[in-house]
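Please open the structure in the viewer and set the display to cartoon. The tour proceeds by successive selections.

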Amino acid sequence: MPSLEQEVIFKKATFGMGCFWANDALFGAQPGVLRTRVGYAGGTTGNPVYKNIIGSESEGGSSHADSVPSTSGSNPRGDHTEVIEIDFDPNIISYRDLLKLFWDNHEYGLTTVIKRQYMSLILYHEEEQKRIAELDIEVEAGKRNEKLITEIAPAGPFYPAEDYHQKYRLQKHKWIMEELNISPDQLQTSQIAARLNGYLAGVGKLQDLEKDVKVLGIPEKIASFVKIQYLDNEGGSLYC
């Protein structure tokens, strides 16, 4: 079986840009991205869960609310945003590269006022990320000739989302997880899980998929199936 983790020095990036299922696929297929996990951040309430941050607000954006498993009891609404936390190798992909994907792939756009669950958000992990983000937002606003509503703030606590949210596209094909012995916990730590989740959604480049098959030791049965799915879904919408 292929190794599930790659030991290299990495940095983190955290973005909110709409439905985090889509972001998980988008970033997971990028060369230089080592691991991804989706969760909640940017708010003030402790230990948020998905049921806390969804509701009947009228600002739009129902996304994947219908998929939430029913739970007993009720909790006060939280104020967090759906985000993706990315572990990346800065020697292969830069923070600016990640930001380009961020600016170009929002679910609701960069000027649409939306409820906090799906807002445009950059959470920086170091001063250099803050500097780059603040410069970039001015450049992007100039390109679009309009004011962007993206919030830039320091990264605080990150709360991983429930298992059923992690690698949503990959989890539609449970047999792949079983063949690779990928456990629910490993969906947040496995580079193979990140890659396959993206390729299954049609994200990334075919030559990168073929390279990863060899480098990561993905079995031929799985590789063939993923390639078919990639070609079928390439260019389609990532959003829910």
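The stops below cover a sheet, a helix packed on it, and one residue of another helix. Please bear in mind that the model is predicted.

**The sheet.** Select the six strands, which form an open sheet with mixed pairing, in the order β5-β4-β1-β3-β2-β6. Next, highlight β5 (151–154) and β6 (159–160) at the edges: each has a single partner strand, so one side of each is left without a neighbour in the sheet.

**A strand pair.** Restrict the selection to β2 (residues 33–41) and β3 (residues 81–88), which pair in the antiparallel sense over eight bridges. Within this pair, display Tyr40, whose bridge partner in β3 is Glu82.

**The helix on the sheet.** Now add α3 (residues 95–104), which packs on the sheet and touches β1 (11–17), β2, β3 and β4 (120–124). The direction of α3 makes about 10° with that of β1. Which residues of α3 are buried? They are Tyr95, Leu98, Leu99, Leu101, Phe102 and Trp103. Showing their surroundings brings in β1, β2, β3 and β4, together with the helices α1 (20–28) and α4 (127–144), against which these buried residues pack.

**Asp212.** Finally, move to helix α8 (residues 206–215) and select Asp212. Is Asp212 buried or exposed? Its relative accessibility is 11%, below the 20% cut-off, and therefore Asp212 counts as buried. Display side chains here: that of Asp212 makes a polar contact with the side chain of Tyr199 at 2.7 Å. Apart from neighbours within four places in sequence, Asp212 is in contact with Arg195, Tyr199, Gly217 and Ile218.

Technical notes
Residues are numbered from 1 along each chain as its sequence is written. This is a predicted model: local features need pLDDT of at least 70, side-chain atom pairs count only at pLDDT 80 or more; totals for chains, interfaces and linings use all residues. Side-chain values use heavy atoms; hydrogens and water are left out. Two strands pair if DSSP finds at least two bridges between them. Helices (H or I, at least four residues) and strands (E, at least two) are DSSP runs, numbered from the N terminus. Contact means heavy atoms within 4.5 Å. Axes are lines fitted to C-alpha atoms, for helices over the stretch in contact, and angles run from 0 to 180 degrees between N-to-C directions. Buried means under 20% relative accessible area, exposed over 50%, partly exposed in between (1.4 Å probe, protein chains only). A polar contact is a pair of N or O atoms within 3.5 Å; within protein, one must be able to donate a hydrogen and the other to accept it, and residues adjacent in sequence count only if both atoms are side-chain atoms.
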